[in-house]
Amino acid sequence: MGEYIKKGLDKKRYDKAAARYDIFESPMELVFFSKWRKRLFGRIKGDYILDVGIGTGKNIPHYGKGRFIGVDISIKMLEKAKKRAEKLGKKVELIQCDAEALPFKSKVFDAVVSTYVFCSVENPVRGLRELYRILKPGDRVYFLEHMRCESETGGVILDALNPLVRVFGPEINRRTVKNIEEGGFRVVKENWLLTSVFRFIIAEK
Ligand SMILES: C[S@@+](CC[C@H](N)C(=O)[O-])C[C@H]1O[C@@H](n2cnc3c(N)ncnc32)[C@H](O)[C@@H]1O
C-alpha cells in the first residue's frame, strides 16, 4: 500500500476513534494510565515541550510550567484536546501534522512526551528519528508505550491478534524499545508497568 494511502487510513481511523476514545479508554485510565502519566510528568524537565500524538489531551492535566506544543495527525483528536485545555485553563499550541514529518526546526525542544503513540505511527522508526532531530542534544523523550511482550508465547498471541486490532487503531506487537534505539536514542530508563506489555521509558539524544 502506498505511503499516502496509509496516512489517509491513519487519519480516518483516529478521526473516527476520537468520539469514543475517552470512554473506551476510561477503565485503563482510571486504574492505571492516569497514575502512570503523573509519574511520567514528574520526571519531565524543560521549558519547551512537545506532546507528540496528543490525542484527546489526556496528558494536559499533568502539564506543569513551560511552553507545550501538542501535535496529532487527527483533527478530531485535536478538537477534543482543545476543548480539554480550555476547560482546564491550560495553554497548549495545537498543530495537525504527521510525527514522521514534524514542522519544526532541528534541536529546538527541551523534552518530548509520547504516550501510547508509537504503536500507531505507521513508520515508527521514521517518527522516532524526527523526535531525535527536533530535540536538543542531551535532552530526553519520555514514553508510556504498549508493545510486544518479552514472553515468546505471549508474543505469538499478540502477533496473531495484531491484524484484527490494527483495523481499529494501534499495533500490539511492535518492538518499541528496539525502534527507539534505531531512532538514534540511548534508553536510560525502562520499567515494566504491567507485564512487559506496558512500559515506562526514558531515552536520551
Ligand atoms: C492511542 S492514541 C494516544 C493519545 C494520547 N497520547 C494519550 O495518551 O491518550 C494515539 C494517537 O496518535 C495519533 N497518531 C497516530 N499516528 C500519528 C502520526 N503519524 N502522527 C501524529 N499523530 C499520530 C492518533 O491520531 C492518536 O491521537
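**Exercise 1. Find which loop holds Lys-107, and say what stands out about its phi angle.**

Step 1: Lys-107 lies in the loop between β3 and β4 (strands are DSSP runs of E with at least two residues, helices are runs of H or I with at least four, and both are numbered from the N terminus). Step 2: The phi angle of Lys-107 is near 55°, a positive value in a residue other than glycine.

A word on the model before going further: it is predicted, so local features need pLDDT of at least 70 and side-chain atom pairs count only at pLDDT 80 or more, while totals for chains, interfaces and linings use all residues. Residues are numbered from 1 along each chain as its sequence is written, and side-chain values use heavy atoms, with hydrogens and water left out.

**Exercise 2. Place Tyr-116 and decide whether it is buried or exposed.**

Step 1: Look in the loop between β4 and α3 (124–134), where Tyr-116 is found. Step 2: Phi of Tyr-116 is near 60°, again a positive value in a residue other than glycine. Step 3: Tyr-116 counts as buried because its relative accessibility is 10% (buried means under 20% relative accessible area, exposed over 50%, partly exposed in between, with a 1.4 Å probe and protein chains only).

**Exercise 3. Trace the contacts made by the side chain of Asp-98.**

Step 1: Start in the loop between β3 (93–96) and β4 (109–115), the place of Asp-98. Step 2: At 18% relative accessibility, Asp-98 counts as buried. Step 3: Within the protein, the side chain of Asp-98 reaches the backbone nitrogen of Glu-100 at 2.9 Å (a polar contact is a pair of N or O atoms within 3.5 Å; within protein, one must be able to donate a hydrogen and the other to accept it, and residues adjacent in sequence count only if both atoms are side-chain atoms). Step 4: Turning to the ligand, a polar side-chain atom of Asp-98 lies 2.8 Å from a ligand nitrogen atom.

**Exercise 4. Describe the surroundings of the ligand.**

Step 1: The ligand is surrounded by 19 residues, and the closest are Arg-37, Gly-53, Asp-72, Ala-99 and Thr-115 (a residue is near a molecule if one of its heavy atoms lies within 4 Å of it). Step 2: Helix α1 (residues 3–41) gives the most to this shell, with three residues. Step 3: For polar partners, a polar backbone atom of Gly-53 is 2.7 Å from a nitrogen atom of the ligand, and an N or O atom in the side chain of Asp-72 is 2.5 Å from a ligand oxygen atom. Step 4: The protein covers 98% of the 600 Å² of accessible area that the ligand has on its own (areas come from the Shrake-Rupley method with a 1.4 Å probe; for residues, only the protein chains shown count as cover).

**Exercise 5. Locate Ser-196, Ile-60 and Asn-162, and give a spatial partner for each.**

Step 1: Ser-196 lies in the loop between β6 (186–194) and β7 (198–204). Ser-196 counts as buried because its relative accessibility is 5%. A polar atom of its side chain lies 2.8 Å from the backbone nitrogen of Glu-150.

Step 2: Ile-60 belongs to the loop between β1 (48–52) and β2 (67–72). With a relative accessible area of 0%, Ile-60 is buried. Ile-60 and Arg-37 are 23 residues apart in sequence and 9.9 Å apart in space, C-alpha to C-alpha.

Step 3: Asn-162 is in helix α4 (residues 152–166) and counts as buried at 9% relative accessibility. Its partner is Asn-173, eleven residues apart in sequence and 6.5 Å apart in space, C-alpha to C-alpha.
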